[in-house]
Every structure is written in C-alpha cells, then in structure tokens.
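The exercises below are meant to be worked with the sequence and the model side by side. Try each task before reading its solution.

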Amino acid sequence: MKKILLATAAMTLVACGGTDDAADDVGIDDETANEVEMYDRFDRDVNDDAALMSATYPVINSAGSEIGTVTISDVEGSGVTVSLDVTAIPEGQRAIHFHETGSCDTPDFQSAGGHYNPSNANHGFEADDPNPHAGDMENFDAPASGVVRTEIGNDRVTLSDREGLAPLLDANGTALIIHAGADDYETQPSGDAGSRIACAVIEP
Ligand SMILES: [Cu+2]
C-alpha cells in the first residue's frame, strides 16, 4: 500500500564556521520551516543520524473508497510535515491525529485504537498540563468543495528512527485519522473530535 518516494541521507554538518545555510542545504523552504516552528512548543534534541524519509499513503473513507493521499516527510532537526491531498471532506474544521495502530477497518476505524501516545502524555495543546500526545496535531479547515490540500506540522514524531521522536513505523505501525469534528485541544483523552471519517495505514 505504501510508496517510499525519497530517502535521503541526513546531512552531517561539518564545523566550518557557519550554520545559517543548513536549512537551504537540505532543501527546506522557509515556509515549511515556519509551519513546523509553530508546533515546536517544547525544546527537544533531535538526533538526525538516521536517513530522513518521506512516504505517501492512500487515505480511505468509511466505505473503504480511496479519497486521496497523505505524504509524511521527516524534517531535519524536527518531526514531520504531513501533506494532505484529499477530497470529500465535510466543510469546516476537522481534527487530524496519528492513532496507535496501523489498521483502518471500515466503517468506524476503531481498529486504529486511541491516539498515538507512547509517552503517556495528556491530550491537547490547551490541557491543564499541556504536553500533547505524540499523535496530536492542529485542526485543518475543509472548504465547501471538500478538497483539502494542506500541510500540518508535528514536531514529536518521525518516519525514520530518530532519537528524541516517537517512531510512526513502530512494531504495529500507526494510522492517520481524520475526524467528523474539530479537536478542542483540551478534552481528555481525544479532544471531543467526534467520529472517524477517514484513515490511512502508516506502515513500513
Ligand atoms: Cu483522532
């Protein structure tokens, strides 16, 4: 089901007096860097020794029909960028998370389990003790057309195996889930985001 598009060796920065060009050297444009920074609410050391990866997975709806794709790309020094390219999403704010099991059994996608949360944190960015699940992400907006092409940052997970980040490709994989409602970033354990309307299996 998955297609590995790209796997580039992480670049080792050689001490040569300047580090400002590091992002340019690996082709991260400023826009992507800024989006990821929004989610970088917690200092974390990311060990980039592993090769950075990018992969594209099909997204299905509750009837099992493919409605588009999601591309997940490791970001040097941070987590991943999630690039959604899907159709037929109901208009409005929708929640999106990584869930703990790489399984998308229709029609309700309960087989994906709860949020991916290997550090046993509280859900949400606005909880009493904000320390979000690895799988938590900010809501996206679906327009009336239902066509969504957007990028969402997550600075806590990785597609490759990098120290300091939760691996999406663990023993049982993970699932990307889109919900019928918006995440309130606060209600435990899943932000009161409603039913699960789309799913992608994230697997090696
Ligand atoms: Cu969810």
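Accessible areas here come from the Shrake-Rupley method with a 1.4 Å probe. The model is a predicted one.

**Exercise 1. Describe the protein chain as a whole: its surface, its buried share, its secondary structure and its contacts.**

Step 1. Begin with the surface: the accessible surface of the protein chain is about 9900 Å², and carbon and sulfur atoms contribute 46% of that area.

Step 2. Turn to the interior, where residues count as buried when their relative accessible area is under 20%; of the 204 residues in the protein chain, 45% are buried.

Step 3. List the secondary structure, which consists of two helices and 12 strands, and then read the order along the sequence, which gives β-α-α-β-β-β-β-β-β-β-β-β-β-β.

Step 4. Finish with the contacts: among those with a separation of 6 or more, 66% join residues that are 24 or more positions apart.

**Exercise 2. Find which residues coordinate the copper ion, and work out how their donors are spaced along the chain.**

Step 1. Identify the donor atoms, which are ND1 of His-97, NE2 of His-99 and NE2 of His-179, at 1.9 to 2.0 Å from the copper ion.

Step 2. Place these donors along the chain, where they follow the spacing H-x1-H-x79-H.

Step 3. Check the burial of two of these residues: His-97 counts as buried because its relative accessible area is 0%, and His-99 is likewise buried, with a value of 1%.

**Exercise 3. Locate the cis peptide bonds that precede Pro-107 and Pro-189, and assign each proline to its loop.**

Step 1. Take the bond between Thr-106 and Pro-107, which is cis with omega at about 0°; Pro-107 belongs to the loop between β6 (96–99) and β7 (140–142).

Step 2. Take next the bond from Gln-188 to Pro-189, which is also cis, with omega near 0°; Pro-189 sits in the loop between β11 (174–179) and β12 (196–202).

**Exercise 4. Ala-88 and Phe-109 have positive phi values without being glycine; decide for each whether the residue is buried or exposed.**

Step 1. Ala-88, with phi near 60°, lies in the loop that runs between β4 (80–86) and β5 (92–94). Its relative accessibility is 59%, and Ala-88 is therefore exposed, the cut-off being over 50%.

Step 2. Phe-109, with phi of about 60°, lies in the loop between β6 and β7. Its relative accessibility is 0%, so Phe-109 is buried.

Note on methods: Residues are numbered from 1 along each chain as its sequence is written. This is a predicted model: local features need pLDDT of at least 70, side-chain atom pairs count only at pLDDT 80 or more; totals for chains, interfaces and linings use all residues. Side-chain values use heavy atoms; hydrogens and water are left out. Donors are N, O and S atoms within 2.8 Å of the metal (3.2 Å for Na, K and Ca); water is not among the atoms, so sites may look incomplete. Buried means under 20% relative accessible area, exposed over 50%, partly exposed in between (1.4 Å probe, protein chains only). Helices (H or I, at least four residues) and strands (E, at least two) are DSSP runs, numbered from the N terminus. Contact means heavy atoms within 4.5 Å.
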